[in-house]
Every structure is written in structure tokens, then in C-alpha cells.
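Biologist: I'm new to reading protein structures. Could you walk me through one, feature by feature?

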Amino acid sequence: MAELRSTRRKAADWALSGLVAFVMIGGAVAHFAATQAFAPLVPPFLPARPVILAAGLLQLGIGIAVLWPRTRALAALAFAALCTAYLPLHLWDYVRPDPVFAPPVAATARVVVQLLLISAGVTLWRRSR
């Protein structure tokens, strides 16, 4: 029975690692391929293109690092931190005059997904330490 639990836990950890890698590497590719699509998400006081490219590089690094057991815990923590840093951008949609994700249902869905991703990152970090 303990062996079955261990196998299930390993499978769940790999699934979470795969999810993080998929989200981060996919996000990085999107940031590089469609930089302008992300520009409305960047606050106007920041230079959009450099911020978007830097975010893409960071996402790529996290996505690759989470695939190796030795760097998984740190990558999972970085993933949770990055998702937490993105959360205010999604909340900003509720009060900005030109929301990126309208109607409010879309903004709410983004916030919920962001919270789930933060939870996944923290869970993987705890399990990988």
C-alpha cells in the first residue's frame, strides 16, 4: 500500500512539473512570438517590449528548471512567485478603463486560474524540498 502511495505521489509530482513546464515554456514562446499581444498587460510606466522579453526569458528558465529534480523546488517556488507577481495585473482589469480581459467574467477566470497556478507551484515546491 505504501508503495502504491509513493508511486501515485511521484506521478502527481511529475504531472505538476509537466504542468509548470508547459505553462512556462508555452508562455515564453508566446512572449517571444507575439510580443505586441502582451503590451496591453504592461503598466504604461514600464517599457513594454523589454518587460515582455524579460518575462519570456524568466518563464523559459523556470520551465526548463522544473524538469530537473535537482532544481525543481526552486523552479516551483519561482513559478509561484511569478504567478503572484502577475496577479495584480489581472486584478487591474477590474478597475482600468480599457480592460484587457472583458467582460468581468473573463477577468475573474484569469484571477481564478492564477490562484490555481500559485497553489500548484507552492504544492510542488513543498513536495520537492
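**A guided look at the model**

Modeller: Sure, let's start with one residue: Thr35 lies in helix H2. Keep in mind that this is a predicted model.

Biologist: Is Thr35 buried or exposed?

Modeller: To read that, look at the relative accessible area: under 20% is called buried, and over 50% exposed. Thr35 has a value of 7%, so Thr35 is buried. Its side chain also has a partner, as the backbone oxygen of His31 is reached at 2.9 Å.

Biologist: Now zoom out for me. How many helices and strands does the chain have?

Modeller: There are five helices and zero strands. Read from the N terminus, the order of elements is α-α-α-α-α. If you draw a box around the C-alpha atoms along the principal axes, you get roughly 55 × 30 × 20 Å. The chain has 129 residues, and 33% of them are buried.

Biologist: And salt bridges? How do I spot one?

Modeller: Look for a side-chain nitrogen of Lys or Arg within 4 Å of a carboxyl oxygen of Asp or Glu. By that rule, the count here is three salt bridges. Begin with Arg9 and Asp13, whose side chains meet at 4.0 Å, N to O.

Biologist: How many residues apart are Arg9 and Asp13 in helix H1?

Modeller: They are four residues apart in helix H1, which covers residues 2-33, so about one helical turn separates them. Arg9 counts as partly exposed because its relative accessibility is 43%. Asp13 has a relative accessible area of 13%, so Asp13 is buried.

Biologist: Which other residue forms a salt bridge with Asp13?

Modeller: That's Arg127, with the closest N and O atoms 2.9 Å apart. Asp13 lies in helix H1 and Arg127 in helix H5 (residues 104-128), so this pair ties together parts that are 114 residues apart in sequence. Arg127 counts as partly exposed, at 32% relative accessibility. Put the two contacts together and you have a network of salt bridges linking Arg9, Asp13 and Arg127.

Biologist: What about the salt bridge of Asp98? Which residue does its side chain meet?

Modeller: It meets the side chain of Arg96, at 3.1 Å from N to O. Compare how covered the partners are: Asp98 is partly exposed, with a relative accessible area of 45%, whereas Arg96 counts as buried at 10%.

Biologist: Let's move on to rings. How do people describe a pair of aromatic ones?

Modeller: Such a pair is described by the distance of the centres and the angle of the planes. When you look for cases in this model, the structure holds zero aromatic pairs.

Biologist: So what else could I look for around a ring? Where does the charged end of Arg72 sit?

Modeller: Over the ring of Trp14, at 4.5 Å from its centre. You can find another case at Trp125, where the charged end of Arg129 sits over the ring, 4.2 Å from its centre.

Biologist: Can I find parts of the chain that are apart in sequence and see how they sit in space?

Modeller: Yes, use C-alpha distances for that. Ala81 and Gly121 are 40 residues apart in sequence, with 8.3 Å between their C-alpha atoms. Ala81 is part of helix H4, residues 69-92, and counts as partly exposed with 46% relative accessibility.

Biologist: How far is Gly63 from Gly26, C-alpha to C-alpha?

Modeller: The separation is 8.6 Å, and along the chain they are 37 residues apart. Gly63 is in helix H3. Its relative accessibility is 0%, so Gly63 counts as buried.

Biologist: Last one: the surface. Which residues make the nonpolar surface patch?

Modeller: Phe45, Leu46 and Val51 make it, and the patch has an area of about 290 Å². Take Phe45 as your landmark: you'll find Phe45 in the loop between helix H2 (35-38) and helix H3 (48-65).

Biologist: Is Phe45 buried or exposed?

Modeller: Use the cut-off from the start, where exposed means over 50%. The relative accessible area of Phe45 is 68%, so Phe45 is exposed. Set that beside Thr35, which is buried at 7%, and you've got both ends of the reading in hand.

Note on methods. Residues numbered from 1 in each chain as written. Predicted model: local features only at pLDDT ≥ 70, side-chain atom pairs only at ≥ 80, totals over all residues. Heavy atoms only, no water. Patch = residues over 30% accessible without salt bridge, like charges linked within 9 Å, V, L, I, M, F, W, Y side chains within 5 Å. Areas by Shrake-Rupley, 256 points an atom, 1.4 Å probe, with all protein chains shown as cover. Helix = DSSP H or I, 4+ residues; strand = E, 2+ residues; numbered from the N terminus. Buried < 20%, exposed > 50% of the residue type's maximum accessible area, 1.4 Å probe, protein only. Phe/Tyr/Trp six-rings, centres within 6.5 Å; stacked < 30°, edge-to-face > 60°. Lys NZ or Arg CZ within 6 Å of the ring centre and 35° of its normal. Polar contact = N/O pair within 3.5 Å; in protein donor to acceptor, adjacent residues only side chain to side chain.
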